Amino acid sequence: VRNYLKEALVNIIAVHAEVFTISKELVPRVLSRIVESVAEELSRLMQCVSSFSKNGALQARLEICALRDAVAVYLTPESK
């Protein structure tokens with residue numbers, strides 16, 4: 001995956017760590033909302049692309065699947 005996705009995942013992990021230190025019960029609620037926001041932004045960005053090359057489509061699919069798998073525990077119906 002590309003660096004921007006790695007950075008997004010590292011930031012999600014950082015938020016998880018900060019929230020967990022305050023209250024582990026808040027983690028699912030906070031992370032679910034963050035994942036929804038990231039999914040909305042990713043969807044918006046993908047819709048801005050008029051067409052993908054074969055390799056571009058493959059890269060986009062890889063990154064969406066990697067993100068989905070990494071945050072699967074926090075997916076909501078909206079973020080799916």
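These notes go through a predicted model of a single chain, taking the overall layout before the helix pairs and a few individual residues.

1. Overall layout. The chain contains 3 helices and 0 strands, and, read from the N terminus, its elements follow the order α-α-α. The C-alpha trace extends over about 45 × 25 × 15 Å when it is laid along its principal axes. Of the 80 residues of the chain, 22% count as buried. If one takes the contacts between residues at least 6 apart in sequence, 65% of them join residues at least 24 apart.

2. How to read the helix pairs. A pair of packed helices is described by the angle between the two axes together with the distance between those axes. The next points take the pairs in turn, giving the geometry and then the residues that meet.

3. Helices α1 and α2. Helix α1 covers residues 3-22 and helix α2 covers residues 27-48, and their axes come within 10 Å while crossing at roughly 160 degrees. Since an angle over 145 degrees counts as roughly antiparallel, α1 and α2 are therefore roughly antiparallel to each other. The crossing of these two helices, α1 and α2, is right-handed. On the α1 side the residues I12, V15, H16, V19 and F20 take part, and they meet V27, V30, L31, I34 and V38 of α2. Sorted by class, this contact of α1 with α2 holds 9 nonpolar residues, 1 polar residue and no charged ones.

4. Helices α1 and α3. Helix α3 is made of residues 54-70, and it packs with α1 at an angle of about 15 degrees, the two axes being 11 Å apart. With that angle, α1 is roughly parallel to α3, and the crossing of α1 and α3 is right-handed. The contact brings together Y4, L5 and L9 from α1 with E63, A66, L67 and A70 from α3. By class, the residues in this contact of α1 with α3 are 6 nonpolar, no polar and 1 charged.

5. Helices α2 and α3. Here the packing angle between α2 and α3 is about 170 degrees, and their axes lie 12 Å apart, which makes α2 roughly antiparallel to α3. The residues V38, L42 and M46 of α2 meet A60, I64 and L67 of α3. The contact of α2 with α3 consists of 6 nonpolar residues, with no polar and no charged residues by class. It is worth following two residues through these lists: V38 of α2 appears in the contact with α1 and again in the contact with α3, while L67 of α3 is listed in the contact with α1 and also in the contact with α2.

6. Residue Q59. This residue is found in helix α3. Is Q59 buried, exposed or partly exposed? With a relative accessible area of 21%, Q59 is partly exposed. When its neighbours within four places in sequence are left aside, Q59 is in contact with V1 and R2. Although Q59 and R2 are 57 residues apart in sequence, their C-alpha atoms are 8.7 Å apart in space.

7. The cysteines C48 and C65. How many disulfides does a search of the whole structure find? The search finds 0 disulfides. As for the surroundings of the two residues, C48 is exposed, having a relative accessible area of 56%, whereas C65 is buried, with a relative accessible area of 15%.

Terms used
Residues numbered from 1 in each chain as written. Predicted model: local features only at pLDDT ≥ 70, side-chain atom pairs only at ≥ 80, totals over all residues. Heavy atoms only, no water. Axes fitted to C-alpha atoms, helices over the stretch in contact; angles between N-to-C directions. Helix = DSSP H or I, 4+ residues; strand = E, 2+ residues; numbered from the N terminus. Parallel < 35°, antiparallel > 145°, perpendicular 65-115°, else oblique. Left-handed = near helix turned anticlockwise from the far one by under 90°. Contact = heavy atoms within 4.5 Å. Nonpolar A, V, L, I, M, F, W, Y, C, P; charged D, E, K, R; others polar. Disulfide = S-S within 2.5 Å. Buried < 20%, exposed > 50% of the residue type's maximum accessible area, 1.4 Å probe, protein only.
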